[in-house]
Amino acid sequence: MANIPKYYESLNIDFKPPRGNWMDRPLNIKPGIYCYPARPEVLKKAGMNDRSDWGKYWVIEDEDWELPDDWKERFLNKMRDMLGKYRTFKIYMDICVRCGACADKCHYFLGSGDPMNMPVMRAELLRSIYRGEFTKTGKILGRLAGARKLTKDALRQLWYYMFQCSECRRCSVFCPYGIDTAEITIMGREIMNELGMNIAWIQESVTKCLFTGNHLGLQPHTYKECVDTMLMDIEDNVGISFEPSWNRKGAEILFVTPSGDVFADPGIFTLAGYLLLFEHLGLDYTWSTYASEGGDFGYFTANEVAKRMNGKIYAEAKRLGVKWILGGECGHMWRVLNQYMTTWHGPIDFLEEPVSPITGTKFENAKAHKMVHIMEFTADLIKHNKLKLDPSRNDRLKVTFHDSCNPSRGMGLFEEPRYVIKSVCNHFYEMPENTIREQTYCCGSGSGLNASENMELRLRGGFPRQNALRYVREKYGVNMLACICAIDRAALPPAAQYWNPDVGVCGVTELVANALIMEGEGPRTHNLRGFEIATWEPEP
Ligand code: SF4
Ligand code: SF4
């Protein structure tokens, strides 16, 4: 792993643009700002375009990537195919007027000062090839029309910067034409995937998910053991014991959450929250060791792969005969579900329109995909007074909320998490207006970029969010950052450790469960993390 600059060194961001035309500028590859490439055997195992038959295992620093003889043809054929298939892609290639309204809206540009991280420039990398290879004007006028030919150098540049976009869509909020640069990098990644050009962190997760059911590659028994371990901690800290049900046919609800919640700190405390909440309600639900992943890293790779992965959840819901699906705190799961799922699989007729068995609320917004977000579900319970709560148990916490890009900007889930937090905590503070809700800043590691070798980019990209956090930390003494996405729960702790070392990170359902008064509970002296409630401060 590359050396990470000290935080005060990272604050010296040089925004002065380099001289000369960007097309002539050599690619300045910096360790710490890219992820390792996907291994051919892992691509092959997933039935994807592996490179084992045409060249060595490549790394970005290599001058010669030993591409196959027909690499250019493959790339352009795929691009042509996608331009024909996806109208938005063609429109986004044509209509940018280079007004620059998006230029200073990307967290990677703000944290690095690299002009190629301006959304307009990131898109220009692909757009210039589109002009040079697919438009008459570009072919005739060349650079005068902002066009260039597809060369190996252009390909390397494209790979480097397409994987420096966390596909958060913040830039699209500010574009007067609604151009969505995230869509462009999604397309760019898919085209490069034709040449087996992917990254290890994403591809390993995809392949594991296809074979074991989740990104972490947890076997069914291991997955259950992780949950069992948390049940033991619950017994210690809450004083009650119970058994959730597994792979149970005929349950009313299938619960699916990202595997990060089952395995990684601090997500495991969110997991404890789900367990306690469902036990509190006596919910008729089941976990599945087959559909043991809510996230979909296929979405960061290629459409077909995303579809294969998403299909597992629905196959399992059908097999178990549940009525509907409840989803945990996950970011891109919601974008995939709401924006792609019914296009991929058609109507989900075998499930029912979700109705809360506790309040009778019909979740009409989930009519098509039959899946309800845990925040909608919980907010509805609180609104109908169905939870016994003692918010004072969270009194040591001064909480702020990070709107996770996909559920918030992507899906409009702004008020539910705030309503839930305010119901279970007495001290809540908002970060500045232009950094929350629709204008929220990315955690810095979305879209599969949370690999450890990519740490400098993550910390730089996390800077705008952390800067806003610093504001509420200094003004109100905020010591806890809540979020509703498993990638956030993985990405925000190291970023906070770097920029705001005394602020902890949690899921919202962890806060709910700390406040829940459980039937038969022992004296609640300790919270879910095992810290004394009276004195607890979040671990930095
Ligand atoms: S704001 Fe939109 S039109 Fe303006 S430069 Fe950015 S992408 Fe192009
Ligand atoms: S989608 Fe997000 S990460 Fe990508 S260019 Fe836009 S603002 Fe930057």
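E430 sits in the loop that runs between α19 (415-424) and α20 (455-461), in what is a predicted model. With a relative accessibility of 24%, E430 counts as partly exposed, because the buried class is kept for values under 20%. Leaving out residues up to four places away in sequence, E430 touches T400, R418, I436, R437 and V472. One of these neighbours deserves a second look: the side chains of E430 and R418 are joined by a polar contact of 2.5 Å. If you follow the chain onward from E430 to L459, you move 29 residues along the sequence, and the two C-alpha atoms are separated by 22 Å.

Let's stay with R418 for a moment. R418 counts as buried, at 1% relative accessibility, and its side chain meets that of D403 in a salt bridge, 2.7 Å from N to O. D403 belongs to the loop between β5 and α18, while R418 is part of helix α19, so this pair ties together parts that are 15 residues apart in sequence. D403 is buried as well, with a relative accessible area of 0%.

Right beside D403 in the sequence comes S404, in the loop between β5 (399-401) and α18 (405-410). Is S404 buried or exposed? Its relative accessibility is 2%, so S404 counts as buried. Setting aside neighbours within four places in sequence, S404 is in contact with R409, C483, I484, C485 and D488. With D488 there is a polar contact, side chain to side chain, at 2.5 Å.

Now for the wider set of charged pairs. The count of salt bridges comes to 33. One of them links R489 to E329, whose closest N and O atoms are 2.9 Å apart. R489 lies in helix α22 (residues 486-499) and E329 in the loop between β3 (324-327) and α16 (332-345), so the pair ties together parts that are 160 residues apart in sequence. Both ends are hidden from solvent by the accessibility criterion: R489 counts as buried at 2%, and E329 is buried at 0%.

A more local example is found in helix α20, where R460 and E456 are four residues apart, which means about one helical turn separates them. These two form a salt bridge with closest N and O atoms 2.8 Å apart, and both residues are buried. Elsewhere, salt bridges that share partners join D403, E415, R418, E430, E433 and R437 into one network. That brings us back to E430, where we began, as a member of this network.

What about the nonpolar residues? In soluble globular proteins, nonpolar side chains tend to be buried together. Here the largest nonpolar core has 90 residues, and F75, F89, L126, W159 and M192 touch the most other members. Take W159 as a guide: not counting neighbours within four places in sequence, W159 is in contact with Y34, C35, W58, I60, W65, M192, M197, N198 and I199. Apart from this core lies another, of 61 residues, with M230, V424, C425 and L528 among them.

Finally, which residues make a nonpolar patch on the surface? Y7, Y8 and L11 do, and the patch covers about 310 Å². L11 has its place in the loop between α1 (7-10) and α2 (40-45), and at 42% relative accessibility L11 counts as partly exposed.

Terms used:
Residues numbered from 1 in each chain as written. Chains lettered and ligands numbered in written order. Predicted model: local features only at pLDDT ≥ 70, side-chain atom pairs only at ≥ 80, totals over all residues. Heavy atoms only, no water. Helix = DSSP H or I, 4+ residues; strand = E, 2+ residues; numbered from the N terminus. Buried < 20%, exposed > 50% of the residue type's maximum accessible area, 1.4 Å probe, protein only. Polar contact = N/O pair within 3.5 Å; in protein donor to acceptor, adjacent residues only side chain to side chain. Contact = heavy atoms within 4.5 Å. Patch = residues over 30% accessible without salt bridge, like charges linked within 9 Å, V, L, I, M, F, W, Y side chains within 5 Å. Areas by Shrake-Rupley, 256 points an atom, 1.4 Å probe, with all protein chains shown as cover. Salt bridge = Lys/Arg side-chain N within 4 Å of Asp/Glu carboxyl O. Core = buried A, V, L, I, M, F, W, Y, C linked by side-chain atoms within 4.5 Å.
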